[in-house]
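Q: I'm a first-year student and I'd like a close look at one part of this structure. Please pick a spot where aromatic rings gather, and then work outwards from there.

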Amino acid sequence: MATFQFERTAPLPLDEAWRRLTEWTRHGDAVPLTRVTVLTPGPTREGTVFVARSGIGPLAFDDRMEVTVWCPPDDGGPGLCRLEKLGRTVRGWAEIEVRPGPGGRTRVVWREEIRSPLAPPFLDPLVSPVARAVFGRAANRLLRQG
């Protein structure tokens, strides 16, 4: 399994950073060659299911996810969302946390574990830094674009 974590500080209030990071279809605009489809009616809550389809043509794969923890920030307190990855190709989990940061900013912590039955374990040390870079750029883009 490949695990990674990164942190960002955004010049946004907690609720706005949360909104930008948890509007799932926006992730398709931020992750290259990816389209996100939400399968359950909104609003997002525990039990929401969505699929991120990444790739081109026959080289594409689905990353099916379910929201298992949904605690939006409230009254200036932190927020936490946990996703379970349930696809045939991609398994694991992801957590997106927002909490108060310095100077009224928001501190974002993104943690993720990815595993695939198609990838041999010796590739994990290569997958972690690549995934951290890809998702880090995606988080930057999501936080910058309203």
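A: Let's start with F4, F6, W110 and F135, which form one aromatic cluster. Before we go further, keep in mind that this is a predicted model, where local features need pLDDT of at least 70 and side-chain atom pairs count only at pLDDT 80 or more, while totals for chains, interfaces and linings use all residues. Residues are numbered from 1 along each chain as its sequence is written, and side-chain values use heavy atoms, with hydrogens and water left out.

How do rings get paired up? A pair of aromatic rings is described by the distance of the centres and the angle of the planes. Rings of Phe, Tyr and Trp (its six-membered ring) pair if their centres lie within 6.5 Å; planes under 30 degrees apart are stacked, over 60 edge-to-face, and the rest tilted. Counted this way, there are six aromatic pairs. Take W18 and W70: their ring centres sit 4.9 Å apart with the planes at 55°, so this pair is tilted. W18 belongs to helix 1 (residues 14-22) and W70 to strand 4 (residues 61-71), so the pair ties together parts that are 52 residues apart in sequence. W18 and W70 are both buried.

Back in our cluster, the rings of W110 and F135 have centres 6.0 Å apart and planes at 35°, so they make a tilted pair too. W110 is in strand 7 and F135 in helix 3 (residues 124-144), so this pair links parts 25 residues apart in sequence. Helices here are DSSP runs of H or I with at least four residues, and strands are runs of E with at least two, numbered from the N terminus. W110 is buried, with a relative accessible area of 4%. Buried means under 20% relative accessible area, exposed means over 50%, and partly exposed is in between (1.4 Å probe, protein chains only).

Now look at E112, which also lies in strand 7 (residues 106-115). E112 has a relative accessibility of 1%, which means that E112 counts as buried. The side chain of E112 makes a polar contact of 2.8 Å with the side chain of W110, and another of 3.1 Å with the side chain of K85. A polar contact is a pair of N or O atoms within 3.5 Å; within protein, one must be able to donate a hydrogen and the other to accept it, and residues adjacent in sequence count only if both atoms are side-chain atoms. Leaving aside neighbours within four places in sequence, E112 is in contact (heavy atoms within 4.5 Å) with A2, T3, F4, K85, W93, A94 and F135. Two members of the cluster, F4 and F135, are on that list.

Another acidic residue to look at is E95, found in strand 6. E95 is buried, with a relative accessible area of 14%. The side chain of E95 makes a polar contact of 2.8 Å with the side chain of R82. Beyond residues up to four places away in sequence, E95 touches L80, C81, R82, V109, W110 and R111.

W110 turns up once more in the largest nonpolar core. A nonpolar core is a set of buried Ala, Val, Leu, Ile, Met, Phe, Trp, Tyr and Cys residues joined through side-chain atoms within 4.5 Å. Of the 32 residues in this one, L21, W24, L83 and W110 touch the most other members. Helix 3 gives the most to this core, with six residues. L83 touches, among others, W24, F50, M65 and W93, not counting residues up to four places away in sequence.

Helix 1, where we met W18, has seven of its nine residues buried, so helix 1 is largely enclosed by the rest of the structure. Those buried residues pack against several elements, including strand 4, strand 7 and helix 3.

Finally, zoom out. The protein chain has three helices and seven strands, in the order β-α-α-β-β-β-β-β-β-α along the sequence. Of its 146 residues, 44% count as buried. The C-alpha trace spans about 45 × 35 × 25 Å along the principal axes. Among contacts in the protein chain with a separation of 6 or more, 48% join residues 24 or more positions apart.
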